[in-house]
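Please read the following briefing alongside the sequence and the coordinates. The points are grouped by topic, moving from the chain as a whole to its sheets and helices.

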Amino acid sequence: MTHPHISTRADGPEHTLWFETRPRHLAGGGDPRHITQALRAAGWKNRSDPDYPHVVLASPDHRHTVALEPETSAYTAWWRIQAHGDHDHWYAMFGGNTPVEILAGLTDALLKPVPETAPEIWPTLAWAGWAYERDEHGNESARHPDAILSLRRRAVEPGEDFFWTAEAALPTGLGGRERIWHAHFDDRMPPHLIAAFTHALALDEPVQRRHYDVPHSHLVTQERGPHGKQLAHAHEARLKTVRATARKTRRSALAAQKPPAPSTTAAVPARSR
């Protein structure tokens with residue numbers, strides 16, 4: 001017995017018209033497989049319940065997990081990323097409208113070796129034209145030129161632990177703001193991961209979306225993009241690169257764990273006088 005083909009949003013991109021959408025931070029969530037398939041290509045294991053609408057992935061060393069659990073509102077936390085090491089425990093949460101291309105800045109960095117020197121965070125945004133501020137308590141913030149997107153590092157009270165928030169929000173005209181998406185992450189997150197996410201925030205390249213498949217279509221511009229087959233090939237190339245990087249990282253880690261080979265030079269006996 002054959003089953004009829006059921007058209008879903010999980011179908012490939014080949015039969016869809018795509019549009020280059022900018023600014024990217026207002027383009028909506030996009031296809032989560034940009035993240036989930038990349039993680040699985042790097043060897044992460046699927047720990048999801050097949051009878052529940054979520055995705056739970058765990059890194060090969062069990063130190064990190066990524067969970068995607070859609071909620072009734074796209075403005076609440078859909079993505080949760082955690083580190084579970086004894087000396088490396090942190091978490092991050094992202095709303096459903098967070099563009100996967102921005103979030104992938106962080107998840108892709110999880111797949112790479114830790115750099116010897118963490119890249120700068122705030123200068124990256126300043127170079128992209130963001131306005132930076134720091135107050136007398138050490139709280140820092142930067143705002144995108146459109147005044148919709150912002151990044152903050154602050155403590156609730158002076159002397160308390162800092163935490164980070166990224167947010168895209170519209171002014172309501174009554175002194176409040178209407179949230180489009182929101183991210184919250186721990187100051188214990190390794191600096192290179194925060195820098196990777198910040199770099200993705202600062203990029204200005206368009207992202208590919210279906211026509212009007214954005215939460216606020218009046219805030220974005222959309223122009224005809226590449227053919228779906230081109231996007232499928234680009235995604236396969238991305239996964240191929242991820243697999244190669246993962247193999248290289250594993251080989252480097254194994255080489256670092258190997259004890260040095262014993263010296264083959266024979267000891268020269270001391271001459272008697």
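The accessible surface of the protein chain comes to about 16,800 Å², and carbon and sulfur atoms account for 54% of it. These values are computed from a predicted model, in which 40% of the 273 residues of the protein chain count as buried. The C-alpha trace of the protein chain spans about 95 × 70 × 35 Å along its principal axes.

**Overall make-up**
- The protein chain holds 5 helices and 13 strands.
- When contacts in the protein chain between residues at least 6 apart in sequence are considered, 53% of them join residues at least 24 apart.

**The sheet of 10 strands**
- Ten strands form an open sheet with antiparallel pairing, in the order β2-β3-β4-β5-β6-β11-β10-β9-β8-β7.
- The edges of this sheet are occupied by β2 (45-46) and β7 (131-134), and because each has a single partner strand, one side of each is left without a neighbour in the sheet.
- At the β7 edge, 4 bridges join β7 to strand β8 (residues 140-143), the two running antiparallel, and A131 has R143 in β8 as its bridge partner.

**The sheet of 3 strands**
- A further open sheet, of 3 strands, has the order β12-β1-β13 and antiparallel pairing.
- Its edge strands are β12 (207-209) and β13 (221-224), each of which pairs on one side only, and the twist averages 40° from one strand to the next.
- Strand β1 (residues 19-22) is joined to β13 by 4 bridges in an antiparallel arrangement, with R224 in β13 serving as the bridge partner of F19.

**Helices lying across strands**
- Helix α1 (residues 33-41) lies across β2, β3 (55-58), β4 (64-68) and β5 (77-85), and α1 runs at about 30° to β3.
- Helix α4 lies across β6, β9, β10 and β11, running at about 155° to β11.

**Helix α4 in detail**
- At 1.5 Å a residue, the 12 residues of α4 (residues 191-202) should span 16 Å, and this agrees with its end C-alpha atoms, which are 16 Å apart.
- Helix α4 is mostly covered, with 10 of its 12 residues buried; among them are H192, L193, I194, F197 and L201.
- The cover over the buried residues of α4 includes the helices α2 (100-110) and α3 (122-127), together with the strands β6 (88-95), β9 (149-154), β10 (163-171) and β11 (177-186).

Notes: Residues are numbered from 1 along each chain as its sequence is written. This is a predicted model: local features need pLDDT of at least 70, side-chain atom pairs count only at pLDDT 80 or more; totals for chains, interfaces and linings use all residues. Side-chain values use heavy atoms; hydrogens and water are left out. Two strands pair if DSSP finds at least two bridges between them. Axes are lines fitted to C-alpha atoms, for helices over the stretch in contact, and angles run from 0 to 180 degrees between N-to-C directions. The expected span of a helix is 1.5 Å times one less than its number of residues. Buried means under 20% relative accessible area, exposed over 50%, partly exposed in between (1.4 Å probe, protein chains only). Contact means heavy atoms within 4.5 Å. Accessible areas come from the Shrake-Rupley method with a 1.4 Å probe; for residues, only the protein chains shown count as cover.
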